[in-house]
Amino acid sequence: MNRYALIGYPLGHSLSPQIHERLFQLEGLTGEYRLQPFPPEQLAAQVPALKTLTGFNVTIPYKQAIIPYLSELSESARLYGAVNTVHCVDDRLVGSNTDCDGFLRTMAAHGVSLTGDICILGAGGVGRMFAIECARQGASVTLAIRESTQQKAAVLAQEVAAKTGASVKIQMLDSLKGPFHLIINATPVGMFPKVDACPVPLSVVEQTDVVFDCIYNPAETVLLRHARELHKQAIGGMGMLVWQAVAAHEIWHGTTFDTAHILPIVGDMYALL
Ligand code: NAP
């Protein structure tokens with residue numbers, strides 16, 4: 001039986017085993033997908049055991065920390081400087097970034113173009129990928145951040161400019177002004193258990209066509225509820241989580257999945273929350 005894992009710390013409640021189980025079923029494969037939490041000081045010691053797996057996924061705080069242990073990086077892992085999927089091939093570990101596939105396929109599934117004015121809330125790990133990818137697709141990107149994130153956002157804006165040639169605007173979250181074609185929430189604001197929080201005021205949502213909240217628990221954050229009530233297009237984060245797992249299976253097994261088989265998994269995972 002092929003063995004897989006998710007490494008991170010802490011891992012808490014994760015839907016990854018259930019998502020991967022559904023993908024194994026679609027592929028007709030038997031696989032065991034386990035959560036493998038361990039503290040950062042154990043990362044080096046865990047690598048030999050990780051090499052005995054078919055593949056593994058990587059989450060916070062190891063998306064960058066795993067890179068020195070890898071033999072090879074895919075183009076996407078190099079571009080985003082982060083790895084969330086590793087394929088163990090003989091004694092080599094090959095790192096990729098499928099978060100971006102998850103994002104792009106979610107946007108495509110909802111018919112959302114990554115053009116025009118796009119505002120990304122937050123400048124952390126996933127915000128960085130959104131900023132680089134949206135700029136690559138030709139969008140005019142604004143990073144909306146809190147005071148304490150200013151230095152990080154300035155570094156990210158420079159990185160985006162270096163990688164894409166596009167200049168990125170920076171605004172403070174508490175005085176954010178639109179209009180925007182798309183707002184992407186890349187902060188944990190509104191995530192379970194602090195579900196009453198919303199990263200931007202209603203006035204900003206009013207000036208926006210589409211809201212994508214990459215949080216998937218709860219299914220409908222306050223931000224998404226505001227968007228829905230204002231008749232804006234509102235997209236939750238579960239699709240991105242499922243599609244990044246699909247892209248990992250494509251890497252591990254070379255499988256091609258039918259979109260019609262994947263979409264029900266998104267709804268079923270929301271039902272498990
Ligand atoms: P991260 O690296 O910790 O970045 C979080 C960003 O949000 C940072 O810029 C942080 O600012 C900012 N932030 C945190 N608390 C805030 C607050 N109260 N007000 C304003 N800004 C705040 O985390 P990440 O890995 O990018 O993940 C961000 C979110 O995306 C999480 O909710 C995660 O679950 C979700 N996510 C979803 C998927 C998916 O597949 N759907 C994939 C990846 C991540 P500072 O730097 O100043 O702290």
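In the predicted model, C88 is buried, with a relative accessible area of 10%. No disulfides are present in the structure. C198 accordingly takes part in none, and the nearest cysteine sulfur, that of C119, is 12 Å away from it. A disulfide would require two cysteine sulfur atoms within 2.5 Å. C198 has a relative accessible area of 24% and is partly exposed.

C88 belongs to strand β5, which spans residues 85-89. Four of the five residues of β5 are buried, so the strand is largely enclosed by the rest of the structure. The bridge partner of C88 in β6 is L93. Strand β6, residues 92-96, pairs with β5 in the antiparallel sense, and five bridges link the two. A second pair in this ladder is formed by V86 and its bridge partner in β6, G95. The hairpin of β5 and β6 has two residues between the strands, and within this hairpin D90 adopts a positive phi near 55°. β6 is itself mostly covered, four of its five residues being buried.

V86 also has a bridge partner in β3, namely F56. Strand β3 comprises residues 55-58 and is paired with β5 through three bridges, again in the antiparallel sense. On β6, the pairing with strand β4 (residues 72-73) is parallel and consists of two bridges. In that pairing L73 of β4 stands opposite G95 of β6. G95 thus appears in two of the pairings described, facing L73 and serving as the bridge partner of V86.

These pairings form part of an open sheet of six strands, arranged in the order β2-β1-β3-β5-β6-β4, with mixed pairing. The edge strands are β2 (31-37) and β4, each of which pairs on one side only. At the β2 end of the order, strand β1 (residues 2-8) is joined to β2 by seven bridges, and the two strands run in the parallel sense. R3 stands opposite E32 of β2.

The loop between β3 and β4 contains P61. P61 is partly exposed, with a relative accessible area of 38%. Its C-alpha atom is separated by 20 Å from that of A131, a residue 70 positions away along the chain.

Helix α4, residues 99-109, includes T106. T106 is buried, with a relative accessible area of 2%. Polar atoms of the T106 side chain have backbone partners in two other residues. The backbone oxygen of G102 lies 2.6 Å from a polar atom of this side chain, and the backbone nitrogen of M240 lies 3.1 Å from a polar atom of the T106 side chain. M240 falls within the range of helix α9 (238-253), one of the elements that supply at least two residues of the shell around the ligand.

The ligand is surrounded by 22 residues, of which V126, R146, T149, K152 and C214 come nearest. By residue class, the shell around the ligand divides into 13 nonpolar, seven polar and two charged residues. Helix α5 (125-136), like α9, contributes at least two residues to the shell. Oxygen atoms of the ligand are approached both by a side chain and by the backbone. A polar side-chain atom of K152 is placed 2.6 Å from a ligand oxygen atom. A backbone N or O atom of A123 lies at 2.9 Å from an oxygen atom of the ligand, and for L241 the corresponding distance between a backbone N or O atom and a ligand oxygen atom is 3.4 Å. Taken alone, the ligand exposes 930 Å², and the protein buries 76% of that area.

How values were computed. Residues are numbered from 1 along each chain as its sequence is written. This is a predicted model: local features need pLDDT of at least 70, side-chain atom pairs count only at pLDDT 80 or more; totals for chains, interfaces and linings use all residues. Side-chain values use heavy atoms; hydrogens and water are left out. A residue is near a molecule or strand if one of its heavy atoms lies within 4 Å of it. A polar contact is a pair of N or O atoms within 3.5 Å; within protein, one must be able to donate a hydrogen and the other to accept it, and residues adjacent in sequence count only if both atoms are side-chain atoms. Accessible areas come from the Shrake-Rupley method with a 1.4 Å probe; for residues, only the protein chains shown count as cover. Ala, Val, Leu, Ile, Met, Phe, Trp, Tyr, Cys and Pro count as nonpolar, Asp, Glu, Lys and Arg as charged, and the others, Gly among them, as polar. Buried means under 20% relative accessible area, exposed over 50%, partly exposed in between (1.4 Å probe, protein chains only). Two strands pair if DSSP finds at least two bridges between them.
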